[in-house]
Amino acid sequence: MKKIHKFESNGKFIVLDIFSGSIFVVDELTYSMIDYYNNGVDYILEKLPEYDENTIREVYGELKRLVEDGCLFSDEVDAEDIKYNRENIIKAMCLHVSHDCDLRCKYCFAGQGDFSGERSLMNVETGKKALDFLVENSGNRRNLEVDFFGGEPLLNFEVVKELTFYGKELNKKHNKNIRFTITTNGLRLDDDKIDFINEHMSNVVMSLDGRREVNDLMRPTVNNKGSYDIIVPKFKKLIAKRGDKDYYVRGTFTSNNLDFSKDALEFYNLGFKKVSIEPVVTEEKEPYALKEEHLDAILKEYEEFSKLYKDINEKDDFLFFHFVIDLNDGPCLAKRSVGCGAGAEYISVTPEGDIYPCHQFVGDEKFIMGNLNEGILKSELREVFKSSNVFTKEDCRDCWAKFYCSGGCHANAYYNNGTITKPYKLGCEMEKKRLELSLSLLDTEEGEN
């Protein structure tokens with residue numbers, strides 16, 4: 001099994017030790033020597049005659065110390081050591097307060113709001129049951145997450161408000177800390193909604209594709225009008241009043257905007273400092289679908305954008321979600337092996353009270369795990385999700401990025417390959433490029449780990 005990954009990016013030579021997580025920014029000699037380390041120093045002298053012998057021996061000694069310290073060519077992790085959620089704790093919930101929407105986005109995985117069913121809104125009683133279910137199944141875990149989701153949750157905002165206050169009552173009663181977030185297209189934002197969101201939501205995700213022409217092509221209103229000019233002023237007002245609380249503006253890219261760095265820059269120029277641009281995953285028959293033939297252009301776009309991103313961040317704060325990586329306070333190895341926790345630690349609840357592994361499986365009846373009245377009925381389905389990790393996915397076992405992408409999105413895997421155990425190939429290649437660029441953008445000096 002591969003133990004290290006080395007690459008050049010943004011003018012740096014970088015070595016990643018896969019199992020220890022150690023990362024080194026090295027000089028060109030060290031970068032070359034690592035390939036031959038296991039053959040011994042005499043072999044290296046023979047292969048690299050252009051370098052000074054004393055220097056090679058000195059570097060070899062440094063590499064040997066790193067190996068002995070378990071920082072380089074470190075031992076593989078045994079899958080049997082991974083103990084994941086044996087008590088079936090639920091810590092996060094996507095609460096579908098609305099299966100309706102006031103936009104008609106062409107790529108919407110949610111069937112433009114109805115999830116291929118009837119348009120409906122969650123009532124307060126079902127919402128309270130959902131929050132009760134989360135608390136009852138959270139064990140000793142104190143910090144919990146609830147995302148108000150749709151469709152468009154602002155279509156049912158009075159229920160959002162009532163459930164927020166109910167959640168705060170549960171916090172006091174059960175010594176919990178439920179952090180609420182909301183995901184919105186912003187069309188129905190007004191001053192009252194903005195003030196409530198900014199006071200009570202720990203995070204807010206605002207959907208906007210990027211430039212006006214890109215957004216309005218894919219995100220029309222129900223009357224087939226553009227939404228950009230309606231939404232942008234409302235998002236700007238929300239962010240201006242939000243202070244230092246978390247938010248991010250979430251864009252997308254399709255084959256129509258492979259130059260998506262321009263959309264990220266559009267966000268920056270609008271004053272949006274925390275952004276992402278996500279690739280749309282859909283059936284290849286769709287005219288806007290991303291295909292393997294687009295991959296080279298996509299990877300090149302990420303690479304070119306990383307240079308612009310670096311220049312911007314030398315003078316201003318700007319966070320592009322896919323270029324940010326936390327090497328100090330990241331999750332434990334078990335969590336890095338299983339990813340988002342869909343179907344195990346994380347569930348979605350529909351307006352009718354049905355429970356799914358995550359929001360992207362909602363509407364596919366094969367993935368109904370249970371309901372709020374009876375609980376989890378398909379424990380075998382939960383076990384399938386719990387056991388799907390980077391050690392059980394054949395394509396992940398020898399991949400250098402496995403402890404960073406955690407095997408990728410289950411839904412993308414399933415809807416592309418018919419199984420959650422085989423990752424979405426195009427997504428894998430994009431993720432690996434983004435990870436390399438993220439590591440190259442870290443503020444590190446040679447030899448740091």
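Reader: In which strand is the place of Leu319?

Author: This is a predicted model. Look at residues 319–320, which make up one strand. Leu319 has its place there, in strand β12.

Reader: Does Leu319 count as buried, partly exposed or exposed, and which is its relative accessibility?

Author: Buried would require under 20%, and exposed over 50%. Leu319 falls in between, so it counts as partly exposed, at 33%.

Reader: Which residues form a nonpolar patch on the surface with Leu319?

Author: The patch has about 250 Å² of accessible area, taken together. Leu319 is one of its members. The others are Phe321 and Val324.

Reader: What is the mean pLDDT of the protein?

Author: Of its residues, 95% reach 70 or more. The mean for the protein is 92.

Reader: Where does pLDDT stay under 50?

Author: Low pLDDT means that predicted coordinates should not be read in detail. The stretch in question has 14 contacts beyond four places in sequence. It covers residues 445–449.

Reader: How far apart are the end C-alpha atoms of helix α15?

Author: Helix α15 runs over residues 425–440, which is 16 residues. At 1.5 Å a residue, the helix should span 22 Å. The model agrees, because the end C-alpha atoms are apart by 23 Å.

Reader: Which residue forms a salt bridge with Lys432?

Author: The two residues sit 3 apart in helix α15, so about one helical turn separates them. Their closest N and O atoms are 3.2 Å apart. The partner is partly exposed, with a relative accessible area of 26%. It is Glu429.

Reader: How far apart are the closest N and O atoms of Asp195 and Lys241?

Author: Asp195 lies in helix α6 and Lys241 in helix α8. Asp195 is partly exposed at 36%, and Lys241 is partly exposed at 40%. The two residues form a salt bridge, with the closest N and O atoms apart by 2.8 Å. The pair therefore ties together parts that are 46 residues apart in sequence, and the atom distance is 2.8 Å.

Reader: Which residue forms a salt bridge with Lys307?

Author: Both residues belong to helix α10, 3 residues apart, so about one helical turn lies between them. The closest N and O atoms are 3.5 Å apart. Lys307 has a relative accessible area of 39%. Its partner is Glu304.

Reader: Which residues are linked with Arg211 in a network of salt bridges?

Author: The structure holds 25 salt bridges. One network includes Arg211. Linked with Arg211 are Asp259, Lys262 and Asp263.

Reader: Which residue does a cis peptide bond join to Gly150?

Author: Most peptide bonds are trans. Here omega is about 20°, and the bond is cis. The residue joined to Gly150 is found in the loop between β7 and α5. It is Gly151.

Reader: What is the phi of Asn175?

Author: Most residues other than glycine have a negative phi. Asn175 sits in the loop between α5 and β8, and counts as exposed at 52% relative accessibility. Its phi is positive, near 55°.

Reader: How far apart in space are Lys378 and Leu238, C-alpha to C-alpha?

Author: Lys378 is found in the loop between β16 and α12. It touches Glu365, Lys366, Ile368 and Met369, leaving out residues up to four places away in sequence. Leu238 is 140 residues from Lys378 in sequence. In space, C-alpha to C-alpha, the two are apart by 41 Å.

Conventions: Residues are numbered from 1 along each chain as its sequence is written. This is a predicted model: local features need pLDDT of at least 70, side-chain atom pairs count only at pLDDT 80 or more; totals for chains, interfaces and linings use all residues. Side-chain values use heavy atoms; hydrogens and water are left out. Patches are made of residues with over 30% relative accessible area and no salt bridge: like charges are joined within 9 Å, nonpolar side chains (Val, Leu, Ile, Met, Phe, Trp, Tyr) within 5 Å. Accessible areas come from the Shrake-Rupley method with a 1.4 Å probe; for residues, only the protein chains shown count as cover. A salt bridge is a side-chain nitrogen of Lys or Arg within 4 Å of a carboxyl oxygen of Asp or Glu. Helices (H or I, at least four residues) and strands (E, at least two) are DSSP runs, numbered from the N terminus. Buried means under 20% relative accessible area, exposed over 50%, partly exposed in between (1.4 Å probe, protein chains only). pLDDT is the predictor's confidence in each residue, from 0 to 100. Contact means heavy atoms within 4.5 Å. The expected span of a helix is 1.5 Å times one less than its number of residues.
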